[in-house]
Amino acid sequence: MESLYIQVIIIFLYDPLAAELMKGDVYVMKTLTRMTSIEQLNDGIALSSEVPLLLFKHSTRCPISAHAYDEVLTYLQGHPADKVNYSIIYVVEERSISMEAAERLGVRHESPQAILVKNGSPVWHTSHSHITSSGLSAVLSES
């Protein structure tokens with residue numbers, strides 16, 4: 001058991017999105033899958049006909065985006081909707097994918113931005129300080 005505990009701590013320190021949290025029982029936290037290709041974006045949008053997609057667009061250079069990112073992580077560490085796929089696009093590093101998402105979904109680019117996609121179309125979106133853990137819980141509990 002001790003070696004498992006050490007592994008969990010190491011994972012948590014280096015990748016909080018992949019952390020296993022210990023609260024009596026061990027469970028795997030929902031994670032954000034990083035989109036690094038147009039193909040991944042296309043697949044995520046196509047799969048949204050079966051499982052909704054929450055797409056989070058994040059700038060690593062913006063303090064407002066850093067706060068929104070923390071809110072998304074707080075949501076994921078709480079009680080996130082199980083039947084939702086969660087993806088992140090780093091808008092500086094993956095500009096072409098970010099712009100393609102804006103064009104494909106018909107949602108003007110903002111950063112930070114959260115977009116909920118169902119059946120290939122955006123059904124909800126928000127940006128900046130409106131991205132909160134409680135707001136995500138309210139919207140995604142209905143998904």
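Helices and strands here are DSSP runs, numbered from the N terminus. With that in hand, welcome to a set of close-up views of a predicted model.

**View 1. The chain as a whole, before we zoom in.**
The chain holds five helices and seven strands. Followed along the sequence, these elements give the pattern α-β-β-β-α-β-α-β-α-β-β-α. Of the 143 residues, 41% count as buried. Among contacts with a separation of 6 or more, 63% link residues that sit 24 or more positions apart.

**View 2. A cis peptide bond between Ser-111 and Pro-112.**
Here the omega angle is about 5 degrees. Pro-112 belongs to the loop that runs between helix 4 (95-105) and strand 6 (113-118). If you set up this region for your own calculations, the bond to look for is the one joining Ser-111 to Pro-112. Pro-112 also turns up in the surroundings of Phe-56, as one of the residues that Phe-56 touches.

**View 3. Two residues with positive phi, Asn-119 and His-128.**
Asn-119 is not a glycine, yet its phi is positive, at about 50 degrees. You will find Asn-119 in the loop between strand 6 and strand 7 (121-127). Is Asn-119 buried or exposed? Its relative accessible area is 58%, and exposed means over 50%, so Asn-119 is exposed. His-128, likewise a residue other than glycine, has a positive phi near 50 degrees. His-128 lies in the loop between strand 7 and helix 5 (133-140). With a relative accessibility of 28%, His-128 counts as partly exposed.

**View 4. The largest nonpolar core, centred here on Leu-54, Tyr-86 and Leu-140.**
This core has 20 residues, and Leu-54, Tyr-86 and Leu-140 are the ones that touch the most other members. Two or more residues each come from strand 4 (53-58), helix 3 (63-77), strand 5 (85-90), strand 6 and helix 5. Helix 3 gives the largest share, six residues. Leaving aside residues up to four places away in sequence, Leu-54 touches Val-84, Asn-85, Tyr-86, Ser-87, Ala-114, Ile-115, Leu-116, Trp-124, Leu-136 and Leu-140. Another core of twelve residues lies apart from this one, and its members include Ile-45, Leu-55, Leu-105 and Val-107.

**View 5. Phe-56 and its neighbours.**
Phe-56 is found in strand 4. How accessible is Phe-56, buried or exposed? Its relative accessible area is 1%, and buried means under 20%, so Phe-56 is buried. Not counting residues up to four places away in sequence, Phe-56 touches Ser-65, Ala-68, Tyr-69, Val-72, Ser-87, Ile-88, Ile-89, Pro-112, Gln-113 and Ile-131. For a distance to check on screen, try Phe-56 and Leu-116: they are 60 residues apart in sequence, and their C-alpha atoms are 8.8 Å apart in space.

**View 6. Helix 3 crossing helix 5.**
The axes of helix 3 and helix 5 come within 8 Å and cross at roughly 55 degrees. This makes helix 3 oblique to helix 5. The crossing is right-handed. On the helix 3 side, the contact is made by Glu-71, Val-72, Thr-74 and Tyr-75, and on the helix 5 side by Ser-133, Leu-136, Ser-137 and Leu-140. Sorted by class, the residues of this contact are four nonpolar, three polar and one charged. Two of these names should look familiar: Leu-136 and Leu-140 are also touched by Leu-54.

**View 7. Helix 2 packed on helix 4.**
Helix 2 (residues 38-47) and helix 4 pack at an angle of about 35 degrees, and their axes are 10 Å apart. Helix 2 passes helix 4 in a right-handed crossing. From helix 2 come Ile-38, Leu-41, Asn-42 and Ile-45, which meet Ser-96, Ile-97, Glu-100, Ala-101, Arg-104 and Leu-105 of helix 4. This contact divides into six nonpolar, two polar and two charged residues.

**View 8. Glu-94, a buried residue in a loop.**
Glu-94 is placed in the loop between strand 5 and helix 4. Which side of the cut-off does Glu-94 fall on, buried or exposed? Its relative accessibility is 16%, and since buried means under 20%, Glu-94 counts as buried. Beyond residues up to four places away in sequence, Glu-94 touches Arg-34, Met-35, Thr-36 and Ile-89. Of these, Ile-89 is also touched by Phe-56.

How values were computed:
Residues numbered from 1 in each chain as written. Predicted model: local features only at pLDDT ≥ 70, side-chain atom pairs only at ≥ 80, totals over all residues. Heavy atoms only, no water. Helix = DSSP H or I, 4+ residues; strand = E, 2+ residues; numbered from the N terminus. Buried < 20%, exposed > 50% of the residue type's maximum accessible area, 1.4 Å probe, protein only. Core = buried A, V, L, I, M, F, W, Y, C linked by side-chain atoms within 4.5 Å. Contact = heavy atoms within 4.5 Å. Axes fitted to C-alpha atoms, helices over the stretch in contact; angles between N-to-C directions. Parallel < 35°, antiparallel > 145°, perpendicular 65-115°, else oblique. Left-handed = near helix turned anticlockwise from the far one by under 90°. Nonpolar A, V, L, I, M, F, W, Y, C, P; charged D, E, K, R; others polar.
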